[in-house]
Amino acid sequence: MMRKITAGLFISLDGVVEAPDQWHFPYFDDEMGAAVGTLLETSDTLLLGRKTYDSFAGAWPERETAGGDDAAFGKAIGDARKIVVSRGELAFTWRNSEQLRGDVVTAVTALKDEPGADISISGSVSIVRLLLDAGLVDELHLFVHPIAVRTGMRLFAEGEEAIPLRLISSKAFGSGVLHLVYGPAAAAEDASYDDAKVHLSR
């Protein structure tokens, strides 16, 4: 059985995923913490872009060592296998870190065939986009915040091909955040207004 790839992203109501540290902390509560923790608990491998990795490596080792409220989470991330996607050659000081080699889609496809638990992607929007296009993301966890940020990079860039998805689950947190989980789906059948109008209420 192939390993599952799960991607988790904080996203605003207008689709912004850039710099969530600037707007999402007021909505981070026990419910979101539990949901984010579950994503990590079911995986033993983190797939990260270089910028996300640098951000994590610059914070979590120190937090683990400091022994505060987030030390256990920092240890869990440190103990996980971390695979970093980057065009440049990287040198690592954080344990269990390695660089993905070769074509990303080919390498990630091979990674899914390896034995192990789930593979989790946190942030790393460019990687999520690429793997969504390739049909390799099994679960897309969107934490939709009730705020329109109005500036910054959106999750879905302009492209030629639509990406059909199916809703696997949804949960509303007390903060107003929606935790929506999507999976891949077959393309919807062609339809027109004539097909839709029969469903209008009278």
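This briefing walks through one domain annotation, a buried serine, several salt bridges and a nonpolar patch. The structure is a predicted model, so local features need pLDDT of at least 70, side-chain atom pairs count only at pLDDT 80 or more, and totals for chains, interfaces and linings use all residues. Residues are numbered from 1 along each chain as its sequence is written, and side-chain values use heavy atoms, with hydrogens and water left out.

**Domain**
- An unreviewed UniProt entry annotates residues 3-178 as "domain: Bacterial bifunctional deaminase-reductase C-terminal"; such annotations may be inferred rather than shown by experiment.
- Across residues 3-178 the chain is 31% helix and 25% strand, with the end C-alpha atoms 26 Å apart. Helices (H or I, at least four residues) and strands (E, at least two) are DSSP runs, numbered from the N terminus.

**Around Ser12**
- Ser12 belongs to strand β1 (residues 5-12) and is buried, at 2% relative accessibility. Buried means under 20% relative accessible area, exposed over 50%, and partly exposed in between (1.4 Å probe, protein chains only).
- Beyond its neighbours within four places in sequence, Ser12 is in contact with Trp23, Val144, His145, Ile147 and Val149 (contact means heavy atoms within 4.5 Å).
- The Ser12 side chain also makes a polar contact of 2.4 Å with the side chain of Asp14. A polar contact is a pair of N or O atoms within 3.5 Å; within protein, one must be able to donate a hydrogen and the other to accept it, and residues adjacent in sequence count only if both atoms are side-chain atoms.

**Salt bridges**
- The whole structure holds 13 salt bridges, each a side-chain nitrogen of Lys or Arg within 4 Å of a carboxyl oxygen of Asp or Glu.
- Asp14 pairs with Arg154 in one of them (3.5 Å, N to O). Arg154 sits in the loop between β6 and β7 and Asp14 in the loop between β1 and α1 (30-41), so the pair ties together parts 140 residues apart in sequence.
- Asp14 is partly exposed at 23%, and Arg154 is partly exposed at 32%.
- Within helix α2 (residues 50-57), Arg50 and Asp54 lie four residues apart, about one turn, and their side chains meet in a salt bridge (2.9 Å, N to O).
- Asp194 and Lys197 form another salt bridge, with their closest N and O atoms 3.4 Å apart.
- Shared partners join Arg3, Asp44, Arg81, Glu98 and Glu114 into one salt-bridge network.

**Nonpolar patch**
- Phe156, Ile163 and Leu165 make a nonpolar surface patch of about 230 Å².
- Ile163 is in the loop between β6 (139-145) and β7 (165-172) and is partly exposed, with a relative accessible area of 31%.
- Patches are made of residues with over 30% relative accessible area and no salt bridge: like charges are joined within 9 Å, nonpolar side chains (Val, Leu, Ile, Met, Phe, Trp, Tyr) within 5 Å. Accessible areas come from the Shrake-Rupley method with a 1.4 Å probe; for residues, only the protein chains shown count as cover.
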